[in-house]
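Here's a friendly walk through a protein chain, written for someone meeting it for the first time. Have a look at the sequence and structure before reading on.

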Amino acid sequence: MPIDTMSTINDTYNDYQKGFGTEDSPNWRELAGKDARRIPATLLEENSPNLGSAKIPPGRYTSRDYHREEVEKVWKRTWQVVCREDEIPNPGDHFVYDVAGMSFLIVRTEDNEFKGYWNVCLHRGRKLVDKSGCGAKGFRCAYHAWSWDLKGNLAYYPGKWDFPDVEAEKFGLRETAIDTWGGFIFINPDANAKPLANHMGSMPKHFESWPLEKRHTLWHVQKRINANWKVGIEAFLEAYHVVQTHPQALSSVAEHGTQYDVWDEGEAAFSRLITPTAVPSDHSKEGTPLGAIADVWALLNGLRMDEANSLPEDIYDRATLAEWRRHSLGEMTKADYSDVPDAMMLDSIQYWLFPNFCPWFGEGLPLIYQFRPDADDPDTCFMDVWMLVRSPDEGPAPVAPEVIRLGPDDKFEPHIGAMGLIFDQDDFNMPQVQEGLKTWPGDPDGVTLARYQEMRVRFLHQILTRVMSTP
Ligand code: FES
Ligand SMILES: [Fe+2]
């Protein structure tokens, strides 16, 4: 099958099986029905059309030609996250963002505005700035000293007499489009791109009840991975892999009761999963409802699983666990959680925005992921992960720490603790998936996806097909 031939989206809502729950391992909608607090209407929406069963051609992950076209049609034209605003808090602070062999420079100016530039010296093309930094007054190229101010104006070049063809006003750094949402700085290399708001559609409405701009960076890890960026992100778009990849989580994560939703709004495309947490999976041999509570409680306290038996007596179900979490998190972050429903205190809720941005939602897993091609190469990508915590209701938020940069063989766990084990388990598969896809025998003619549990992977490909076929 040609790489870009896929079935089109079928809008009709078909009645088909969408996961299951049991008495001890309910699905998410059953749990949500028991929540004592009001769950936001957007969280209760359900939008899971039958997207069909087309195979995904392996060449989408491995072909150089497909990758090159993706660079032109996606990476040079799409909105993508660079960093958090709190990672460049002062004028002159700047962040170097590399994607698919291109480099961009994002700057906070003296007027506290953000600017995005192609990170290249317009003299003879040296990369202008090698790495992120703080408090710059401007940027001087290390080769012949051509210099630009923070607003991108050419400020100085030696031997002016020798460049009769250079008019300073035409030699400003080439700008990208730039915008912010939820405390994130986004760029689009296409300076004439339509606004970020068009690209996000109604997704910001979903975050009104849990504003990301009221959070700050606890840590930010960037890891290079030897796999295509889609192999990377797809490892996080479904909970189906929990059974084999994260078996230790089955005692407290009912992955089969996950709700999956997709929203295709034309210009905007996003999706979501909601996984019941603090309930045992039906796939867990020894899991019990109380054991699930104890395991989540231990995890949240940074304890080992075998220390879960010290669970206090007044925590015995999801409601009491959520109440304990409201209280302990409230003390830790100096913020008020009294209105937050149990679902948003405990469950794993994650959104995806085309092409590569995954903000989680709620306190269950307050993470952000992004995947992007590293070099001009379909076989490598960068994963960015941020842990965001709610900022104090009053007073300034703490300053963001430096980015932790990891190579393909480095592990997450030594840097971020117990949660790192989960990433390391996911990461263990990715290079092997890439190798396997390169070995694909050709029959069947592509990768097979579950109709419901892997619908967000299929949705990504359907949107990608559309974007790639736009001239
Ligand atoms: S290449 Fe930058 S100053 Fe010459
Ligand atoms: Fe995983």
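What follows covers the domains, the place where they touch, the salt bridges and one threonine.

## Two domains

First things first: this is a predicted model. The domain assignment splits the chain into domain 1, made of 28-73 + 211-468, and domain 2, which runs over 80-181. Taken over C-alpha atoms, the centres of domain 1 and domain 2 sit 34 Å apart. Where they touch, domain 1 brings 19 residues and domain 2 brings 16 residues.

## Where the domains meet

How is the size of an interface often given? The usual figure is the accessible area lost when the parts come together. Here, domain 1 and domain 2 bury about 1400 Å² between them, with 57% of it on carbon and sulfur atoms. On the domain 1 side, Gln 370, Arg 372 and Trp 386 lose the most area to domain 2, and together they make up 26% of what that side buries.

So what holds hands across the boundary in terms of polar groups? There are 10 residue pairs in polar contact between domain 1 and domain 2, both residues being at pLDDT 80 or more. Salt bridges are another story: the rule finds zero of them across this interface.

Three strands each give two or more residues to the side of domain 1 that touches domain 2: E10 (215-225), E15 (367-373) and E16 (381-390). Strand E10 supplies the largest share of that side, with five residues. Sorted by type, the residues on this side of domain 1 come out as nine nonpolar, five polar and five charged.

## Salt bridges in the model

Side chains of opposite charge can pair when their charged atoms come close. The rule counts 24 salt bridges in this model. One of them joins Lys 170 and Glu 167, at 3.2 Å from N to O. Is Lys 170 buried or exposed? Lys 170 counts as exposed because its relative accessibility is 53%, while Glu 167, at 37%, counts as partly exposed.

Another salt bridge pairs Arg 466 with Asp 264, and their closest N and O atoms are 2.8 Å apart. This pair ties together distant parts of the chain, 202 residues apart: Arg 466 belongs to helix H14 (residues 455-468) and Asp 264 to strand E11 (residues 259-264). Arg 466 is partly exposed at 32% relative accessibility, and Asp 264 is partly exposed with a relative accessible area of 31%.

Then there's Asp 347 with Arg 318, whose closest N and O atoms are 2.8 Å apart. Asp 347 lies in the loop between helix H11 (342-346) and strand E13 (348-353), whereas Arg 318 is in helix H10 (residues 318-333), 29 residues away. Both Asp 347 and Arg 318 are buried. Salt bridges can also join up into a network, as they do for Arg 37, Glu 323, Arg 326 and Asp 342.

## A closer look at Thr 333

Let's finish with a residue of helix H10, Thr 333. Thr 333 counts as buried because its relative accessibility is 9%, and the cut-off for buried is under 20%.

What does the side chain of Thr 333 make a polar contact with? One partner is the side chain of Tyr 337, at 2.9 Å. A polar atom of the Thr 333 side chain also lies 2.8 Å from the backbone oxygen of Leu 329. Setting aside neighbours within four places in sequence, Thr 333 is in contact with Arg 390, Ser 391 and Pro 392.

Conventions. Residues are numbered from 1 along each chain as its sequence is written. Chains are lettered from A and ligands numbered from 1 in the order in which they are written. This is a predicted model: local features need pLDDT of at least 70, side-chain atom pairs count only at pLDDT 80 or more; totals for chains, interfaces and linings use all residues. Side-chain values use heavy atoms; hydrogens and water are left out. Domain bounds come from an automatic or database domain assignment. Contact means heavy atoms within 4.5 Å. Buried area is the accessible area (1.4 Å probe) that two parts lose on being put together, summed over both. A salt bridge is a side-chain nitrogen of Lys or Arg within 4 Å of a carboxyl oxygen of Asp or Glu. A polar contact is a pair of N or O atoms within 3.5 Å; within protein, one must be able to donate a hydrogen and the other to accept it, and residues adjacent in sequence count only if both atoms are side-chain atoms. Helices (H or I, at least four residues) and strands (E, at least two) are DSSP runs, numbered from the N terminus. Ala, Val, Leu, Ile, Met, Phe, Trp, Tyr, Cys and Pro count as nonpolar, Asp, Glu, Lys and Arg as charged, and the others, Gly among them, as polar. Buried means under 20% relative accessible area, exposed over 50%, partly exposed in between (1.4 Å probe, protein chains only).
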